[in-house]
Amino acid sequence: MNESFDVVIAGGAAMGSSVAYHLLADPGFRGKVLVIEKDPTYQRSASALSAASIRQQFSSPVNIRISLYGIRFLREIGERLAVDGERPDIGLKEGGYLYLATGAGAAVLKENQELQVREGADIRFFSHRSLADRFPWLRTDDLACGTWGRSGEGWFDGWGLLQAFRRKARALGAEYRAGEVVDVERQGSRIVAVRLADGERIACGALVNCAGAGGRALAAKAGVVIPVVAKRRYVFSFACREPIENCPLVIDPTGVWFRPEGEGFIGSASPGPGDEDPDWRDEDPTTQEVDLTFFEERVWPVLAHRVPAFEAIRPGRAWAGPYDMCLLDHNAIVGPAGEVTNFYLCNGFSGHGLQQSPAIGRGVAELIVHGAYRTLDLTDLGYERVVANRPLLERNVI
Ligand SMILES: Cc1cc2nc3c(=O)[nH]c(=O)nc-3n(C[C@H](O)[C@H](O)[C@H](O)COP(=O)(O)OP(=O)(O)OC[C@H]3O[C@@H](n4cnc5c(N)ncnc54)[C@H](O)[C@@H]3O)c2cc1C
């Protein structure tokens with residue numbers, strides 16, 4: 001006999017588990033939820049491999065609003081996701097992001113900061129002079145200004161967030177199953193069932209695509225094209241002998257970033273012109289290899305320039321993970337997949353999906369239960385813009 005669920009979620013990492021939790025926490029929802037995850041160890045999921053940081057410093061209002069909700073959620077996670085009185089602790093540290101600009105980027109940085117403040121984010125502008133006073137360990141002679149999140153930005157335990165969502169979703173009744181969705185049965189404008197690798201067929205009232213790096217392939221099975229490619233990104237850890245007081249997550253004008261992690265630091269960069277930009281393939285273990293020359297040639301020289309104390313660092317562990325890049329505009333694609341009205345996309349997070357998982361999970365749950373966004377309008381991230389080839393420009397991409 002075929003099994004049947006009201007909502008099937010393909011991919012059970014942070015996004016899939018957030019959707020499951022928000023569905024079951026909604027008093028208007030009475031259905032059954034199945035989360036299908038092909039790798040319950042989450043070894044290759046972005047949620048387990050990310051830098052787990054949250055910022056308000058975006059340049060589009062919808063992304064700022066998503067992060068404002070995100071930080072409130074993370075601050076309250078102990079109450080919201082407690083199970084049997086056990087409160088999850090994700091070690092949120094609100095150390096802020098520090099975006100740095102040379103003369104060339106100063107006007108845009110200021111414009112973005114004014115927008116962020118108008119939206120309610122706590123972002124301060126630092127002139128060249130005040131930057132040097134506030135962060136004495138930073139080399140500032142080639143900088144014009146910076147912007148820093150006094151509150152609402154920082155980092156946390158990403159694995160802890162994924163597990164907290166998952167645990168709470170299960171406690172509320174979500175069923176999790178190990179398996180890979182390999183096919184989708186579509187009748188006209190509706191998905192009626194999914195097929196798993198072991199041949200099992202599961203009927204569904206709605207399907208949510210939370211498959212991360214596998215999202216494009218899954219969408220294609222339903223006849224939906226999304227401009228998302230999985231790209232390999234690295235994170236490098238290192239230690240420094242000298243203390244760096246009150247270090248935020250620093251974004252250098254070159255795109256190199258670093259932040260404290262435990263006793264040391266982590267940092268990296270996105271590939272620039274001339275760098276190799278390899279694809280990520282879950283099934284190919286070699287894509288998880290780290291190119292250490294990227295650190296030596298692209299990352300460390302910038303670190304050592306920006307923070308003189310980083311001239312003498314001790315490199316530590318490094319890892320690779322998948323960015324599901326939206327080629328249209330580096331923004332997520334969220335909501336119904338055009339004419340396939342009961343197929344919901346949660347894809348293309350382009351490196352900022354962990355911080356967006358609370359708001360996106362809530363929004364998608366609202367769409368499924370109420371047929372419309374209720375608390376935060378995420379229409380700007382809809383699939384319609386993809387069909388119309390109308391990018392939502394986001395200038396702050398890391
Ligand atoms: C190096 C790195 C640094 C990052 N830093 C940050 C950061 O600082 N802040 C931030 O907000 N975000 C960051 N991100 C991005 C963030 O991690 C992701 O956007 C987010 O975790 C996406 O969550 P997800 O659940 O959509 O995808 P994933 O975590 O990738 O999960 C997708 C899941 O789907 C499963 N799956 C795939 N296909 C199928 C299928 N067909 N059937 C069943 N299951 C399937 C996979 O096994 C996987 O577990 C970073 C990412 C990387 C790689």
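## Ligand contacts

A polar backbone atom of Ser53 sits 2.8 Å from a nitrogen atom of the ligand, and a polar backbone atom of Ala51 is 3.0 Å from a ligand nitrogen. Gly351 joins in with a backbone N or O atom 3.2 Å from a nitrogen atom of the ligand. On its own the ligand has 1000 Å² of accessible area (Shrake-Rupley method, 1.4 Å probe), and the protein covers 96% of that area.

Do keep in mind that this is a predicted model, where local features need pLDDT of at least 70, side-chain atom pairs count only at pLDDT 80 or more, and totals for chains, interfaces and linings use all residues. Residues are numbered from 1 along each chain as its sequence is written, and side-chain values use heavy atoms, with hydrogens and water left out.

## The shell around it

There are 33 residues around the ligand (a heavy atom within 4 Å), and Glu37, Ser47, Ser53, Gly353 and Gln355 come nearest. The shell divides into 17 nonpolar, twelve polar and four charged residues, with Gly counted as polar and Tyr, Cys and Pro among the nonpolar ones.

Domain 1 (3–84 + 157–227 + 329–387) and domain 2 (97–151 + 230–321) both supply shell residues, so the ligand lies between them. These bounds come from an automatic or database domain assignment.

## Helix H3

Helix H3 (a DSSP run of H or I, at least four residues) covers residues 61–75. Its 15 residues reach 21 Å from first C-alpha to last, close to the 21 Å expected at 1.5 Å a residue, taken as 1.5 Å times one less than the number of residues.

Eleven of the 15 residues of H3 are buried (under 20% relative accessible area, 1.4 Å probe, protein chains only), so the helix is largely enclosed by the rest of the structure. Among them are Val62, Asn63, Tyr69 and Phe73.

Notes. Polar contact = N/O pair within 3.5 Å; in protein donor to acceptor, adjacent residues only side chain to side chain. Helix = DSSP H or I, 4+ residues; strand = E, 2+ residues; numbered from the N terminus. Buried < 20%, exposed > 50% of the residue type's maximum accessible area, 1.4 Å probe, protein only.
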